[in-house]
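Subject: Structure handover

Hello,

Here is the structure I said I would pass on. My notes on what was found in it follow below.

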Amino acid sequence: MKKYVGAVDQGTTSTRFIIFDHDGNIIGVDQREHRQIFQKPGWVEHDPMEVWGNTAAVIRGALAKSGIAGDELAAIGITNQRETVLVWDRRTGKPFYNAIVWQCTRTDEICQKLIKDGGQDRFRAKTGLPVATYFSGPKIKWILDNVPAAKEAAQKGDALFGTMDTWMIWNLTGGVKGGAHVTDVTNASRTMLMDISTLKWDSQILDILEIPVSGLPEITPSSDSRTWGTTGNEGPLGAQIPVCGNLGDQQAALFGQTCFEPGEAKNTYGTGCFLLLNTGNTPVQSKHGLLTTLGYQIGQNKPVYALEGSVAMAGALVQWIRDNLQMIREAPEIEILASAVKDNGGVYCVPAFSGLFAPYWRSDARGVIVGLTRYANRHHIARAVLEATAYQTKDIVDAMNLDSGVDLTRLKVDGGMVENRLLMQFQSDILNVPVIRPMVAETTALGAAYAAGLAVGFWSSIEDLKINWSVHSTWSPDMDEKTRSEGYTGWKKAVEKTLNWIDPK
């Protein structure tokens, strides 16, 4: 019997390949960062060929580091930055343009026209989403409208559209030599093009955005026993391994955290910050600025839905402090800097660099640092940077409590920022609930591995996955209500200062 499952974790700033054993332990890992391309203010791009090259490299790297041969893997799963999208030539495998990243705001004019013609919620009943620059559909339209070669190929049926999972799977399963052109329900639910009730591309929305259905991938379950193809002997695994698990990164973390029951929630602290609440087999339409999204689908079982709150800038704000302001040399140093003071000194940082996501959905907002006095120093700014992630999470939790009708009683957390104990304690303090970190913090990749392993019988049921989950750390609230209330009031005032910065076109 094969002993391992592998997962490609294609993230916003880097790509990793992680090998897990049956108990969910990490056996091997390799990681490479890729360039962040900023052609204009608000524009964010990635080079898809660089990302695919890195993917092949980290697969080889993880196998080499662990001493595991590719044919020892039972299956491969994929998880990815979700709304990032590209268009490529099915004949050559070459992209017509860089991938447009989920953070990019270039589609604001397209979105404002859609809103003007039918309101921000014109597609919400079908898609669960407001019209916003965040989602993939308007990005595809932008490429077709602005890259003549892509439009011409789309008209001929030679263009393929896809989020990064689709690009990964297509390349892994053969590329121009018959690669599978698929996406799963979770990624499709982030395009603003899929009907979340039928799990099919919506022809009316496609007509409005002038996107031909011929270029879109097949929508599949997240864990699919049919598999979409196998890796090739000549590929980075050097073996024919089924590719059969696929989840957008945040849904993968929900799956990896074994939030299989309605009412269970997790928050992932990565480039952005994403809180998902399992709502069961029925989609819940948000009335408080959240997204209704697919949580996962196992085989032909009924899909599971979730409510989601999305924050654009969490770890990316620390990266900005490191790279743009050069206040620190390595990301972990921010905890040391922030710990030198007992509070934020009245300073708040609201990182609305790409506008505000949930629950505000304001593309006109831009980032601010407010409350500055001569008393404030770099330690206070560092603390304000960390607190921004916790406050943005509280915004989402408050909205989620209102939508679900049930107050959150504990929060499972994962992602790179959970290593920051100061942030985790402040998160518990400001939410006034326990914050729980699992033993395996890499739950995004683990969720993709679980989905692939279930499809081939490596794990027999989700009960097997629940057994693997265990607690690493718990932070309990230790803040009086007056301090909590005053801090959050200051945050809400700071948010107000970000609004109406960009004039409507």
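A residue is called buried here if its relative accessible area is under 20%, exposed if over 50%, and partly exposed in between. Please keep in mind that this is a predicted model.

Helix α16

By that cut-off, Arg 484, Gly 487, Tyr 488, Gly 490, Trp 491, Ala 494, Val 495 and Thr 498 are buried in α16. Viewed down the helix axis, these buried residues fall within an arc of 155°, so they line one face of α16. An α-helix has 3.6 residues a turn, so residues three or four places apart point the same way. The face turned away from the buried side of α16 carries the exposed residues Lys 482, Lys 493, Glu 496 and Lys 497. As for what lies over the buried residues of α16, the cover includes β18 (348-350), β19 (368-370), α12 (378-404) and α13 (421-431).

The helix itself runs over residues 481-498, which makes 18 residues. From first C-alpha to last, α16 reaches 26 Å, close to the 26 Å expected at 1.5 Å a residue. At its N-terminal end α16 is capped by Asp 480, which has a side-chain oxygen 3.2 Å from the backbone nitrogen of Lys 482. After α16 comes Asn 500, with a positive phi near 65°.

The two sheets

One open sheet has seven strands, in the order β16-β17-β15-β14-β20-β21-β22, and its pairing is mixed. Its edges are β16 (291-296) and β22 (471-475); each has a single partner strand, so one side of each is left without a neighbour in the sheet. From one strand to the next, the twist in this seven-strand sheet averages 30°. Strand β21 (residues 435-438) pairs with β22 in the antiparallel sense, over four bridges. Ile 436 has Thr 474 in β22 as its bridge partner.

Another open sheet has five strands, ordered β3-β2-β1-β5-β13, and here too the pairing is mixed. At the edges stand β3 (26-33) and β13 (243-248), each with a single partner strand, so one side of each has no neighbour in the sheet. The twist in the five-strand sheet averages 15° from one strand to the next. Strands β1 (residues 4-10) and β2 (residues 14-20) are antiparallel and pair over six bridges. The bridge partner of Gln 10 in β2 is Thr 15.

Helix α1 (residues 48-66) packs on this five-strand sheet and touches β1, β2 and β3. The direction of α1 makes about 150° with that of β3. Helix α6 (residues 164-172) also packs on the sheet, touching β1, β5 (73-80) and β13. The direction of α6 makes about 150° with that of β5.

Two buried loop residues

Ser 189 is in the loop between α7 (185-188) and β10 (194-195). Its relative accessibility is 2%, so Ser 189 counts as buried. A polar atom of the Ser 189 side chain lies 2.7 Å from the backbone oxygen of Thr 186. The side chains of Ser 189 and Thr 293 are joined by a polar contact of 3.1 Å. Not counting residues up to four places away in sequence, Ser 189 touches Thr 127, Leu 129, Met 194, Ile 196, Gln 251, Thr 293 and Leu 294.

Thr 107 is in the loop between β7 (99-100) and α2 (108-118). Thr 107 is buried, because its relative accessible area is 1%. Apart from neighbours within four places in sequence, Thr 107 is in contact with Thr 133, Pro 138, Lys 139 and Trp 142.

Backbone points to check on screen

Most residues other than glycine have a negative phi, and most peptide bonds are trans. Thr 227 is not a glycine, yet has a positive phi of about 55°. Thr 227 is found in the loop between β12 (218-220) and β13, and is partly exposed, with a relative accessible area of 25%. Asn 432, also not a glycine, has a positive phi of about 65°. Asn 432 lies in the loop between α13 and β21 and is partly exposed at 42% relative accessible area. Lastly, the peptide bond from Ala 358 to Pro 359 is cis, with omega near -5°. Pro 359 is in the loop between β18 and β19.

Regards

Definitions and conventions
Residues numbered from 1 in each chain as written. Predicted model: local features only at pLDDT ≥ 70, side-chain atom pairs only at ≥ 80, totals over all residues. Heavy atoms only, no water. Expected span 1.5 Å × (residues − 1). Buried < 20%, exposed > 50% of the residue type's maximum accessible area, 1.4 Å probe, protein only. Arc of directions from axis to C-beta. Contact = heavy atoms within 4.5 Å. Polar contact = N/O pair within 3.5 Å; in protein donor to acceptor, adjacent residues only side chain to side chain. Pairing = 2+ DSSP bridges. Axes fitted to C-alpha atoms, helices over the stretch in contact; angles between N-to-C directions.
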